[in-house]
2 protein chains.
Amino acid sequence: MTEMQDVSETAAKERDVTDLVLEDILTGVLPAGTWLKQIDLEKRYDCTRPEVRRALDRLSQKRLVEHVPNRGYHVYLPDGRRAQEVSDIRVILETAVADLMVERATPESIAKLRQLARHFDQMTMVGTVLEHYEANLAFHRELLLLSGNHELVDLVSEIRQRTSSAPVSQWRTRARVERSAREHHMMVDALEARDVAGLKRLIEAHIRQTGDAAPAEGVARQA
Amino acid sequence: MTEMQDVSETAAKERDVTDLVLEDILTGVLPAGTWLKQIDLEKRYDCTRPEVRRALDRLSQKRLVEHVPNRGYHVYLPDGRRAQEVSDIRVILETAVADLMVERATPESIAKLRQLARHFDQMTMVGTVLEHYEANLAFHRELLLLSGNHELVDLVSEIRQRTSSAPVSQWRTRARVERSAREHHMMVDALEARDVAGLKRLIEAHIRQTGDAAPAEGVARQA
DNA sequence: GTTACCAAAATTGGCGCCAATTTAGGATAC
DNA sequence: GTATCCTAAATTGGCGCCAATTTTGGTAAC
């Protein structure tokens with residue numbers, strides 16, 4: 001089992017326990033399969049028993065941890081099929097509104113997206129895993145926000161968390177991260193050029209993390 | 001405020017409190033805006049205080065009730081824009097996999113869908129609001145299941161609950177319900193005829209509850 | 001040496017009490 | 001007669017204790 005000493009984060013004292021546990025799962029501090037003992041969490045986050053139980057209940061509702069009656073809670077083991085299905089859903093949702101995003105993009109929103117893409121670049125160099133993760137989240141939130149559908153933004157943020165360890169562990173390789181950073185800028189380019197088809201292709205490749213986003217440049221000249 | 005007497009449902013005694021409250025919200029027993037006092041719920045469902053609080057916390061995570069600190073929980077007021085956005089999301093998701101559904105449909109699955117559609121018809125005549133609601137849910141679950149994406153099935157079931165009172169209250173009109181029943185059968189027809197475009201059109205009209213199942217070329221049109 | 005059983009330690013989870021905050025009603029002052 | 005303040009009732013919500021179940025370690029029997 002993983003070490004579970006009290007880390008005494010006085011700065012993070014006031015934040016919600018659920019978020020703290022969530023962060024530690026997403027950043028890989030609590031690896032998949034780990035049994036989350038209530039006493040350990042109580043000490044680790046310096047909180048009370050009911051707070052721990054509320055957090056665990058919420059996370060099990062979000063399907064991030066599994067609850068086994070009279071046995072406890074443990075972090076979900078990576079499920080290849082489920083991860084694939086979540087990716088499929090994200091591709092459907094995020095490409096479906098590509099035309100809306102292009103339609104509603106303004107110079108101001110494009111500038112903001114560029115800034116967020118650059119911020120992600122910076123976090124690649126200096127920044128914790130969590131800051132990096134949140135920078136990525138912020139970029140995609142802002143991009144989706146262009147669709148005008150706030151529920152969609154929240155929903156994607158939600159299901160994105162469902163494949164916890166998989167994407168974060170993939171980020172461990174620097175090559176992968178650097179390509180993600182480049183793809184962010186390419187998406188903003190496609191948006192600026194009002195290239196819907198190219199944007200869709202980029203989004204799909206970005207989510208699937210496959211290499212083939214090749215013919216984006218060629219189509220970009222149209223419109 | 002609504003009456004909150006103990007209904008003494010001995011049959012439903014063993015079920016989870018969360019589901020019981022959820023049902024009462026979805027069926028309109030607890031109308032939008034109602035303040036859910038913990039003491040009342042305790043008596044109504046014959047359960048303990050912690051159980052009530054867990055249920056309320058879960059429902060507020062699902063965004064079905066709103067939590068106001070030191071004030072309590074109340075059923076979310078209907079939000080037209082949000083309902084519209086959820087509908088848009090459902091249209092995107094359910095039409096996106098129409099081709100997969102046609103591709104994977106077998107004589108057996110079509111027969112099962114027919115049976116579920118007929119079951120919905122029956123519940124139109126004899127059956128409580130809840131049974132009716134669940135019959136509808138069962139049909140759509142089975143239909144979506146054809147896509148092979150289990151996560152998608154769960155996700156749609158989830159977001160379907162986010163517009164609680166709106167769809168159920170619309171069901172109050174008999175004409176609306178009867179058209180829904182007819183549309184179910186038409187969907188199975190389209191599935192059997194392997195008519196992907198027609199199926200998509202039907203699904204969109206069914207979700208949007210608009211009469212025109214004619215020319216819906218785009219996927220996610222927004223007002 | 002291995003297996004089965006029993007007991008002790010640990011962990012989960014149900015439940016109720018009490019403090020803190022809010023709300024409503026009444027009394028008093030203007 | 002009305003507005004304001006103050007008090008009392010009601011409600012929320014934090015917290016800890018204890019019973020029930022599981023796990024683990026040791027011992028004895030085969």
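Biologist: Which DNA strand has a phosphate oxygen 3.3 Å from a polar backbone atom of A:Q38?
Modeller: That phosphate oxygen belongs to DNA strand C. Please keep in mind that this is a predicted model.

Biologist: What other polar contacts does strand C have, say with A:R53?
Modeller: A polar atom in the side chain of A:R53 is 2.8 Å from a base nitrogen of DNA strand C. From chain B, the side chain of B:R71 places an N or O atom 2.5 Å from a phosphate oxygen of DNA strand C.

Biologist: How many residues surround strand C, and which are the closest?
Modeller: DNA strand C is surrounded by 14 residues, and the closest are A:R49, A:R53, A:H67, A:N70 and B:R71.

Biologist: Of the strand C atoms within 4 Å of the protein, what percentage belongs to sugar or phosphate?
Modeller: Sugar or phosphate holds 65% of those atoms, and the rest belong to bases.

Biologist: And by class, what is the surface near strand C made of?
Modeller: That surface has five charged, five polar and four nonpolar residues.

Biologist: Now strand D. Which residues are the closest there?
Modeller: The closest to DNA strand D are A:R71, B:R49, B:R53, B:H67 and B:N70, out of 14 residues that surround the strand. Of the atoms of DNA strand D that come within 4 Å of the protein, 62% are accounted for by sugar and phosphate.

Biologist: Which chain B atoms lie 3.3 Å or 3.0 Å from a phosphate oxygen of strand D?
Modeller: An N or O atom in the side chain of B:H67 is 3.3 Å from a phosphate oxygen of DNA strand D. At B:N70, a polar backbone atom is 3.0 Å from a phosphate oxygen of that strand. On the chain A side, a polar side-chain atom of A:T48 lies 3.4 Å from a phosphate oxygen of DNA strand D.

Biologist: How do the residues of the surface near strand D divide by class?
Modeller: They divide into five charged, five polar and four nonpolar residues.

Biologist: Let us turn to the protein–protein contact. What area is buried between chain A and chain B?
Modeller: About 2,400 Å² is buried between the two chains, and carbon and sulfur atoms give 51% of that area. Chain A contributes 28 residues to the contact, and chain B contributes 28 residues.

Biologist: How many salt bridges does the rule find across that interface?
Modeller: The rule finds 12 salt bridges between chain A and chain B. One of the salt bridges in the model joins the side chains of A:R63 and B:D154, with an N to O distance of 3.4 Å. For polar contacts across the interface, the rule finds 18 residue pairs, both residues at pLDDT 80 or more.

Biologist: Which helices of chain A each supply at least two residues to the side that touches chain B?
Modeller: Helix 3 (49–61), helix 4 (80–96) and helix 8 of chain A each do so. Helix 4 gives the largest share of that side, nine residues. By class, the side of chain A that touches chain B has 13 charged, 10 nonpolar and five polar residues.

Biologist: Where does A:E151 sit?
Modeller: A:E151 is in helix 8 of chain A, which covers residues 150–160.

Biologist: Why does A:E151 count as buried?
Modeller: A:E151 counts as buried because its relative accessible area is 3%, under the 20% cut-off.

Biologist: Which chain B residues does A:E151 touch?
Modeller: Leaving out residues up to four places away in sequence, A:E151 touches B:R63, B:R82, B:E85, B:V86, B:I89 and B:R162. With B:R63, the side chain of A:E151 makes a polar contact of 3.1 Å.

Biologist: And A:R82, is that residue buried or exposed?
Modeller: A:R82 is buried, at 12% relative accessibility. The residue lies in helix 4 of chain A. Residues up to four places away in sequence aside, A:R82 touches A:R63, A:Y76, A:R162 and B:E151.

Biologist: One more residue: where is B:S109?
Modeller: B:S109 lies in helix 6 of chain B, residues 107–125. B:S109 is buried, with a relative accessible area of 12%. A polar atom of the B:S109 side chain lies 2.8 Å from the backbone nitrogen of B:T106.

Biologist: Finally, how many helices and strands does chain A have?
Modeller: Chain A has 12 helices and three strands. Of its 223 residues, 48% count as buried.

How values were computed. Residues numbered from 1 in each chain as written. Chains lettered and ligands numbered in written order. Predicted model: local features only at pLDDT ≥ 70, side-chain atom pairs only at ≥ 80, totals over all residues. Heavy atoms only, no water. Helix = DSSP H or I, 4+ residues; strand = E, 2+ residues; numbered from the N terminus. Buried < 20%, exposed > 50% of the residue type's maximum accessible area, 1.4 Å probe, protein only. Polar contact = N/O pair within 3.5 Å; in protein donor to acceptor, adjacent residues only side chain to side chain. Contact = heavy atoms within 4.5 Å. Buried area = accessible area lost by both parts, 1.4 Å probe. Salt bridge = Lys/Arg side-chain N within 4 Å of Asp/Glu carboxyl O. Nonpolar A, V, L, I, M, F, W, Y, C, P; charged D, E, K, R; others polar. Near = heavy atom within 4 Å.
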